[in-house]
Amino acid sequence: MLDYSKILSDSVQDIKPSGIRKFFDLLNERKDVIGLTVGQPDFVTPWHIRVAAIESLEKGKTYYTSNSGTLELREAISDYMSRRYSVQYDPKSEIIVTVGGSEAIDITMRALINPGDEVIVVQPAFVCYGPLASICGGTPVYINTKEENKFKLTADELRGAITPKTKLLVLPYPNNPTGAIMTREDLEPIAEVLRETDIMVLSDEIYCELTYGREHVTIASLPGMRERTIIASGFSKTYAMTGWRLGYTLAPAEVTRQMLKIHQYGIMCAPTASQFAAVEAMRNGDEDVNMMRAEYNRRRRYIVGGLQGMGIDCFVPEGAFYVYPNISKFGMSSEEFCQRLLDEMGVAIVPGTAFGECCEGYARISYAYSVEHIAKALDRIEKFISTLK
């Protein structure tokens, strides 16, 4: 019998499975569970966006597109970024349409990282950055942000993590899992540090339209930062298009040329019908986004108020659609708290440790669910913690 441990890639075998999917899978094994685990909008993709895809199919537009995506979509993305975030990208040479934001992150890492390069990852953070850096032969270097700083990266923290081997900074704001954001005032000291180096920035802006009270600012819009920034974003969260698998990268032309090689050989092009839908979303989807953002904001206020009302300390998120309560007062690990909540009350949330070792004592709860769904979960959570007192 073959010993697959000697055949499979060492770097892949060393990677741990996603802690998010673990609790999602446990949820699917039971019918009585209220799940608040997945970062997936509960809205259906708006009808006019679906119609654009349907019409493309009816007209037989089912062929490969350009590797970079249709020029029409790249022009729509360029116009959107200029209109919304005051940054300009050439649709012919600086934009790639990808299979979701995940591929955008992947090809960025692979185009930049050489074995031995260090990649600074701001934590808490989504689960993919460190593993993808490791697969490329890089070394993840984690900066653990603090609740007292509203989970924002500070210039001192960044400066302390930089070494001669640092190649890339991953800047994941608005943040999953904390809901933290970085304002222009927060980003300017970060940019000042980076301008003194050759370090590139991967700015994951998948939640850019989901901010509450403040508009998103991309670090690429700051002086001297466009040339050293790759923006990864997509349609999943903004337009409720998770299953369409569509994202994009925005980067200087020379960086884009190298990323496109990886995309060409690994993917060819993003799904054609999804691209036609995305053009409609970018051109005529503003009202949909406003409606969904307002509803997420209502849910945000409701769930934060509910958790704080039952005595759970909870950071107030300013972006994305997650809350990140501090559960350390209950005297058990994040994993144990979430497992017991699932076993005893049938509520599934995600242990903070799924997002980094620094996240012990926290949990992530998604509010990409109806208020009615959230209310039922909060009732059960309150009953659960009453048994712990």
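This passage describes the sheet of a predicted model, the helices packed on it, and a surface patch.

The sheet comes first. Seven strands make up an open sheet with mixed pairing, arranged in the order 2-8-7-6-5-3-4. Strand 2 (95-98) and strand 4 (139-144) take the edge positions; each has a single partner strand, so one side of each is left without a neighbour in the sheet. From one strand to the next, the twist averages 20°.

Within this arrangement, strand 5 (residues 166-171) and strand 6 (residues 200-204) run parallel and are joined by four bridges. Here Val 170 stands opposite Leu 202, the latter belonging to strand 6. As a general reminder, strands of a sheet pair through backbone hydrogen bonds, in either a parallel or an antiparallel manner.

Turning to the helices, helix 4 (residues 71-85) packs on the sheet, where it touches strand 2, strand 7 (229-234) and strand 8 (247-250). The direction of helix 4 makes about 115° with that of strand 2. Helix 5 (residues 100-112) also packs on the sheet, and its contacts are with strand 2, strand 5, strand 6, strand 7 and strand 8. Relative to the direction of strand 8, that of helix 5 makes an angle of about 35°.

The surface patch is found elsewhere in the numbering. Leu 2, Tyr 4, Ile 7 and Leu 8 together form a nonpolar patch on the surface, with about 440 Å² of accessible area. One of these residues, Ile 7, lies in the segment that precedes helix 1 (10-13). Ile 7 counts as exposed because its relative accessibility is 52%, the cut-off for this class being over 50%.

Notes. Residues numbered from 1 in each chain as written. Predicted model: local features only at pLDDT ≥ 70, side-chain atom pairs only at ≥ 80, totals over all residues. Heavy atoms only, no water. Patch = residues over 30% accessible without salt bridge, like charges linked within 9 Å, V, L, I, M, F, W, Y side chains within 5 Å. Areas by Shrake-Rupley, 256 points an atom, 1.4 Å probe, with all protein chains shown as cover. Salt bridge = Lys/Arg side-chain N within 4 Å of Asp/Glu carboxyl O. Helix = DSSP H or I, 4+ residues; strand = E, 2+ residues; numbered from the N terminus. Buried < 20%, exposed > 50% of the residue type's maximum accessible area, 1.4 Å probe, protein only. Pairing = 2+ DSSP bridges. Axes fitted to C-alpha atoms, helices over the stretch in contact; angles between N-to-C directions. Contact = heavy atoms within 4.5 Å.
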